[in-house]
Amino acid sequence: MRTYAQTIGKEAPAYPDNEDAYRVVSQNGIWCVADGAGGTGLYAGQWARFLVEQVPSEPFEDFSTLAHWLDCRWATFFSEFQPQAATHYLTERKFMDEGSGATLATLHQGTDTLHWMLYGDAVILCFNVLSGRMRVARPGLTQFETAPYLLNWNSAPQPGGFSGGQWTHLPGNTYALLSDTLGQFVLMAHDALTSNTTDLNRLAQTPTALGQRAARHRHFWNRNHQSFNQSVWRPLQNSLVSIDTFASYTQHLRTQNLLGADDYTAVLIAP
Amino acid sequence: MNGLIPSPSPVSASLALQKALQLPMKATHYSASVMRQNPTAFVFLIDQSGSMGEPTHYRGQTCSKAEAVAQIVNQTLLELLLRSQKGDEIRHYYDVALIGYGGAATANLLWTGPWANRPFLSPAELVQATTREEENVVERTIRDRVIRTTEKRPIWLEPVANYKTPMKSALLLAESLLQTWLQTQAGKDVYPPTVINITDGVATDATHEELLDCGDRIRQLHTIDGHVLLMNIHLSDETGKAIQFPAHIRDLGDDPQARLLYDLSSEMPASYHADIAGLFGLDQRSRYVGMCSNTDMDALVKFMNIGTPTQHNTAFVANFRVNG
């Protein structure tokens, strides 16, 4: 299996900030993506990087495993950043009141399976390029309509934010971990191209930026109808060869109004 | 942006504004992201007339309306600052103007010291524009660990209650500031400015019709993302049921001031409806007008927060309650 991965900030190239983080340990079969929530607290990018660095070699079997893991680690992050926050009353107030938030998606390779874990609204996919079948760790576009669950150092995680499972590895299987907005793009395009449009149609009626993009996908893919592999999956994989191609790809999707403004991270694992 | 002068040169400014307002708006309004390249604007209009010295009940204590409003405006400005704080940096997500009307015959810009006569401040300037800071010792329990800190509360607005209510003058000043601001944003996908007017009184410088004309003109201003949102908070002496985001003017009873402010207010964008219903415990409906009347001060905070698009509203409200 070969890994292709890139991450880029939403305001690049004007600003270098990027609150997403990913980590790949191919030899141990560990892949993870954390999406720091800039709207919550402080040091979201640092928290996301801290989380991916701390991901254990064994998969998260259940919610209590995740909760215990975080319980054993949050104080390290707090101790490192609390003095920095305390240098100004505004940063101290925000740090103490809101903490630091991030979603986390992990994939661990087993003997014949891949264990996945999601906390929050990142996206993990398994797409079989031979059969064209796609499986989604947490399916449905409706998950993006509400504020995501976030792992935060200042509070215990909630069971409702956790999802876990495993997929048997089959010939032709490829996998991806995507931060939320890039994941929305892939899921919307897939739904439109496979005529699985119940969620997409409903979402397209909502008066939000997300609804606007759903409507755009419905219209766009109706006029550019090719296979999902040809028009979405392969271009995504091809874009991951360099930061420049990934930037160019995401910018192209932005200009077509198919992708929302956000930090973008993709980790794609393919034979 | 921060050096805006409210009275642009007449001909070029007028042409620039006309050009800005002629640009077509997007199909889906109020969907622009507030980012550093595209900051939005907030304009607060604060009634500082004599009647603001009358008592009200706020957070279990009796104080003047002016004191209560000052606390709330200060808290909201602090919250705006906190939303701008990213890491150790304060980002320019919006420009903020504070207009007071009371005392004299005309409204005034309220920033003081080196910021006097500056219409808009950036968040970084707002940090420096405080008049003083209050300190409180706060204890938090985080994951069973008790942490004690000395918390500073910045003060920008002091309570003022003095003489007349030149509301028309305040609306005209807001219009002028917004016109200048919008000229600089022409063609950009910018979240439109939010104007929040807090008043308890009867305007002493205009008829209802004149005020409605002013409100109409403000609400007609727009970016390509949508029209300026004009929201009104009516502090009434009446007791009784609080009215929040009414759907119809008949919800407001016979109070002529409340009815006037209803007519002045923007209808809230559809994209806000779910949040408004959730935050205020209101029924799901197809129309919410951006005003409240006969409300307590807690609802006032929630109302103001709704007009702050970069905030995570639920977190803010919960946070405010904890710290209040």
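1. In this predicted model, strand 10 of chain A (residues 173-178) and strand 11 of chain A run antiparallel and are joined by four bridges. One residue pair to look up here is A:Tyr175, whose bridge partner in strand 11 of chain A is A:Ile269.

2. Strand 11 of chain A also pairs with strand 1 of chain A (residues 2-8): seven bridges join the two, again in antiparallel fashion. On this side, A:Thr3 stands opposite A:Ile269. A:Ile269 is therefore a handy residue to centre your view on, being the partner of A:Tyr175 and standing opposite A:Thr3 as well.

3. How much of strand 11 of chain A is covered? Strand 11 spans residues 264-270, and six of its seven residues are buried, which leaves the strand mostly covered.

4. Now over to chain B, where seven strands form an open sheet with mixed pairing, in the order 7-6-1-10-13-15-14. The edges are held by strand 7 (108-109) and strand 14 (243-244) of chain B; each has a single partner strand, so one side of each has no neighbour in the sheet.

5. Within that sheet, strand 1 (residues 40-47) and strand 6 (residues 94-101) of chain B run parallel, with eight bridges between them. For a concrete pair, try B:Val43, whose bridge partner in strand 6 of chain B is B:Ala97.

6. Which helix packs on this sheet, touching strand 1, strand 6 and strand 10 of chain B? That is helix 4 of chain B, residues 167-183. Strand 10 of chain B covers 194-199, and the direction of helix 4 makes about 160° with that of strand 6 of chain B.

Terms used
Residues numbered from 1 in each chain as written. Chains lettered and ligands numbered in written order. Predicted model: local features only at pLDDT ≥ 70, side-chain atom pairs only at ≥ 80, totals over all residues. Buried ≥ 20, exposed ≤ 12 C-beta atoms within 10 Å, placed from the backbone. Contact = placed C-beta atoms within 7 Å. Axes fitted to C-alpha atoms, helices over the stretch in contact; angles between N-to-C directions.
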